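Welcome! Here are some exercises on reading a protein structure, each with a solution worked out step by step. Try each task yourself before you read on.

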Amino acid sequence: MKKKENIPQKIASLIDAHRAFGLPKPKHPLVSLLNGPHSQMEVVRPLQNHVIGFYKISYKPRLGGRLKYGQGYYDFDEGGLLFVSPGQVIGSEDDDDIVCSAYTLLIHPDFFLGYPLSKNVKQYGFFSYSTNETLHLSEEEKATVIEVFKMIENELNSRIDDFSQDVVISQIELLLNYANRFYKRQFITRKAVNSDLLQQLERILDTYFTDERSLSEGIPTVQYLAETLNLSPSYLSDMLRSLTGQNAQQHIHQKLIEKAKEKLSTTNLSVSEVAYALGFEHPQSFSKLFKTKTNLSPLEFRKSFIL
């Protein structure tokens with residue numbers, strides 16, 4: 001008998017979401033705020049994995065106690081914010097952020113249409129962070145976040161008028177900007193831990209080229225590095241940017257140039273052979289990248305070592 005595939009359930013609209021969680025219809029079809037502490041509604045979990053068609057921002061007051069990051073390191077313990085973007089697959093067990101949350105904000109992308117946030121929302125990389133990369137809040141940050149949620153709640157519960165959407169859009173943008181600031185703080189407070197991750201990343205890349213995996217598997221990808229470090233690609237890039245000023249792709253390019261210089265200056269390999277050894281399918285792509293990063297062609301760089 002053929003095994004039944006676990007196809008994720010599609011939850012495209014806020015009305016579908018409320019129905020899936022056993023809630024009454026939302027007051028507004030494109031934006032909804034669930035207030036856990038003051039709600040008399042009993043939320044249920046969907047029975048299977050599902051793909052959502054909207055943004056979800058949840059404040060969870062408890063994140064399972066203090067989480068340890070590295071030897072003797074503990075993070076803030078005033079709850080945290082979790083972010084999910086349209087198109088993401090969510091496991092049924094991941095919906096504790098609705099069941100156990102103080103606030104959960106659901107926003108359909110159409111709510112942003114006609115506003116700059118429709119485009120700018122994609123610049124907030126934390127929407128693609130994984131659950132273990134939750135934003136952990138300090139006591140002051142927690143108070144700020146809850147205050148913004150309360151403002152959104154008050155506006156959504158007020159009489160709808162010509163300014164309602166403008167006001168709510170501004171409040172959502174304020175929440176996102178605060179989250180952006182707090183994540184930058186989190187990268188700083190975890191600097192020691194992130195520095196250790198950076199060292200791990202260097203070891204992974206060095207081993208990748210030493211074992212000549214690039215010959216069979218090509219240039220290492222951001223996805224490969226993120227999976228090896230048990231991070232999401234977006235979090236990895238943002239973490240690296242906070243430490244080095246470069247994102248993950250730029251870091252890979254830097255390592256490629258470093259290895260290329262080593263081979264060009266210490267071996268008799270041709271430029272094409274160096275390119276293939278580093279994982280490039282086409283030598284022209286290697287030469288173009290090398291020229292961009294060093295202002296020299298590979299041959300010009302090699303000649304500089306010839307007396």
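The exercises below go from the whole chain to pairs of helices, aromatic rings and single residues. Please keep in mind that this is a predicted model.

**Exercise 1. The whole chain**

Task: Describe the chain as a whole: how many helices and strands does the protein chain have, and what percentage of its residues count as buried?

Solution:
- Step 1. Start with the secondary structure: there are 13 helices and eight strands in the protein chain.
- Step 2. Turn to burial. The protein chain has 307 residues, and 43% of them count as buried.
- Step 3. Look at the surface, where carbon and sulfur atoms make up 51% of an accessible area of about 17000 Å².
- Step 4. Finish with the contacts. Among those with a separation of 6 or more, 74% join residues 24 or more positions apart.

**Exercise 2. Two pairs of helices**

Task: Work out how α10 and α12 are oriented to each other, then do this for α6 and α9.

Solution:
- Step 1. Recall what is needed: the angle between the axes and the distance between the axes describe two packed helices.
- Step 2. For helix α10 (residues 248–266) and helix α12 (residues 283–294), the axes come within 10 Å and cross at roughly 100°.
- Step 3. Angles of 65 to 115 degrees count as roughly perpendicular, so α10 and α12 are roughly perpendicular to each other.
- Step 4. See who meets whom: the α10 side includes His-253, Leu-256 and Ile-257, and the α12 side includes Phe-286, Leu-289 and Phe-290. By class, this contact of α10 with α12 holds seven nonpolar, two polar and two charged residues.
- Step 5. Now take α6 and helix α9 (residues 233–244): their axes are 10 Å apart and the packing angle is about 105°. Therefore α6 and α9 are also roughly perpendicular to each other.
- Step 6. In this contact, residues of α6 including Asn-194, Leu-198 and Leu-201 meet Met-239, Leu-240, Leu-243 and Thr-244 in α9. The contact of α6 with α9 divides into six nonpolar residues, three polar and one charged.

**Exercise 3. Aromatic pairs**

Task: Find how many aromatic pairs the whole structure has, and describe two of them.

Solution:
- Step 1. The search of the whole structure gives 20 aromatic pairs.
- Step 2. Take Tyr-183 and Phe-187: the centres are 6.5 Å apart with 35° between the planes, and the pair is tilted. Both residues lie in helix α5 (residues 164–189), four residues apart, which is about one turn of the helix. Tyr-183 and Phe-187 are both buried.
- Step 3. Next, Phe-290 and Phe-301 have ring centres 5.6 Å apart and planes at 70°, so this pair is edge-to-face. Phe-290 belongs to helix α12 and Phe-301 to helix α13 (residues 298–303), so the pair ties together parts 11 residues apart in sequence. Phe-290 and Phe-301 are buried too.
- Step 4. Go back to the tilted pair: Tyr-183 and Phe-187 belong to one aromatic cluster, whose members include Tyr-55, Phe-111 and Tyr-235.

**Exercise 4. Two single residues**

Task: Decide whether Asn-194 is buried or exposed, and whether Val-168 is buried or exposed.

Solution:
- Step 1. Place Asn-194 in helix α6 (residues 191–210). Its relative accessibility is 2%, so Asn-194 counts as buried.
- Step 2. Leave out residues up to four places away in sequence, and Asn-194 touches Phe-187, Met-239 and Leu-243.
- Step 3. Place Val-168 in helix α5. With a relative accessible area of 2%, Val-168 is buried.
- Step 4. Beyond its neighbours within four places in sequence, Val-168 is in contact with Phe-111, Glu-155 and Leu-156. Val-168 and Phe-111 are 57 residues apart in sequence, with 9.9 Å from C-alpha to C-alpha.

Notes
Residues numbered from 1 in each chain as written. Predicted model: local features only at pLDDT ≥ 70, side-chain atom pairs only at ≥ 80, totals over all residues. Heavy atoms only, no water. Buried < 20%, exposed > 50% of the residue type's maximum accessible area, 1.4 Å probe, protein only. Contact = heavy atoms within 4.5 Å. Areas by Shrake-Rupley, 256 points an atom, 1.4 Å probe, with all protein chains shown as cover. Axes fitted to C-alpha atoms, helices over the stretch in contact; angles between N-to-C directions. Parallel < 35°, antiparallel > 145°, perpendicular 65-115°, else oblique. Nonpolar A, V, L, I, M, F, W, Y, C, P; charged D, E, K, R; others polar. Phe/Tyr/Trp six-rings, centres within 6.5 Å; stacked < 30°, edge-to-face > 60°.
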